[in-house]
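Please open the model in a viewer and set the display to show backbone and side chains together. The tour proceeds by selection, with a short account at each stop.

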Amino acid sequence: MGPLTLIAHLLMSLQIATRFATLGGMFSPSQPSRPAVEDKLTSLRRLDKSRAWNSLDDQLYCTICKTIISGRQIEVVGGTNGLRALHLKCSTPGCFSTPADWLLPVKSDTVREIDILFRDNGA
Ligand SMILES: [Zn+2]
């Protein structure tokens with residue numbers, strides 16, 4: 001290997017390094033580290049289409065841990081680097097319920113209807 005070949009090799013690796021640096025700069029994430037309140041409400045609406053989600057204060061009854069939870073308490077988990085799909089999680093530790101396990105608050109007319117459907121006597 002002559003000295004010219006060595007220089008050529010050095011230049012080539014330098015070019016490759018520069019190219020990688022450029023790519024890294026292009027793909028560096030520019031998203032905010034913490035999702036805003038509006039983003040969470042958007043996520044709730046997108047991931048739980050069975051409810052209207054007028055605000056983060058909308059309350060739900062989790063039938064798994066028997067707890068009233070609000071949209072504010074529900075955790076939006078996953079979605080890091082786009083490798084895992086985003087999903088909603090009950091705030092109670094150890095509760096693995098899904099949005100399908102959550103009912104609307106008792107004061108809602110819709111829940112009264114659901115309640116009637118669940119009860120045999122319809123009272
Ligand atoms: Zn729960």
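The stops below lead from a sheet to a core and then to a loop.

**The sheet.** The model is predicted. Begin by selecting the open sheet of three strands, whose order is β2-β1-β5 and whose pairing is antiparallel. Strands β2 (67-70) and β5 (102-103) stand at the edges with a single partner strand each, so one side of each lacks a neighbour in the sheet.

**Strand β1 and its hairpin.** Next, select β1, residues 59-62. Four bridges connect β1 to β2, and the two run antiparallel. Within this pair, L60 is found opposite I69 of β2. Extend the selection through the turn: β1 and β2 form a hairpin with four residues between them. Pause there at K66, which has a positive phi of about 55 degrees.

**The β1 and β5 pair.** Turn now to the other partner of β1. Two bridges join β1 to β5, again in antiparallel fashion. C62 has W102 of β5 as its bridge partner, while Y61 stands opposite L103 in β5.

**The two faces of β1.** Display the side chains of this strand. In a regular strand, side chains alternate between the two faces of the sheet. Which residues of β1 point to one face and are buried? They are L60 and C62, whereas Q59 and Y61 point to the other face and are not buried.

**The core.** Select L44, L60, C62, I69, I74, C90, W102 and L104 together; these eight residues make up the largest nonpolar core. L60 and I69, which stand opposite one another across β1 and β2, are both members. So are C62 and W102, the bridge partners between β1 and β5. Centre next on L44, another core member. Apart from neighbours within four places in sequence, L44 is in contact with W53, G71, I74 and L88.

**The loop at C95.** Finally, move to C95, which lies in the loop between β4 (87-89) and β5. Is C95 buried or partly exposed? C95 counts as partly exposed, because 15 C-beta neighbours lie inside 10 Å. Add C65 to the selection: C95 and C65 are 30 residues apart in sequence, yet their C-alpha atoms are 6.3 Å apart in space. Leaving out residues up to four places away in sequence, C95 touches C62, I64, C65 and C90. Of these contacts, C62 and C90 also belong to the largest nonpolar core.

Conventions
Residues numbered from 1 in each chain as written. Predicted model: local features only at pLDDT ≥ 70, side-chain atom pairs only at ≥ 80, totals over all residues. Pairing = 2+ DSSP bridges. Buried ≥ 20, exposed ≤ 12 C-beta atoms within 10 Å, placed from the backbone. Core = buried A, V, L, I, M, F, W, Y, C linked by C-beta atoms within 7 Å. Contact = placed C-beta atoms within 7 Å.
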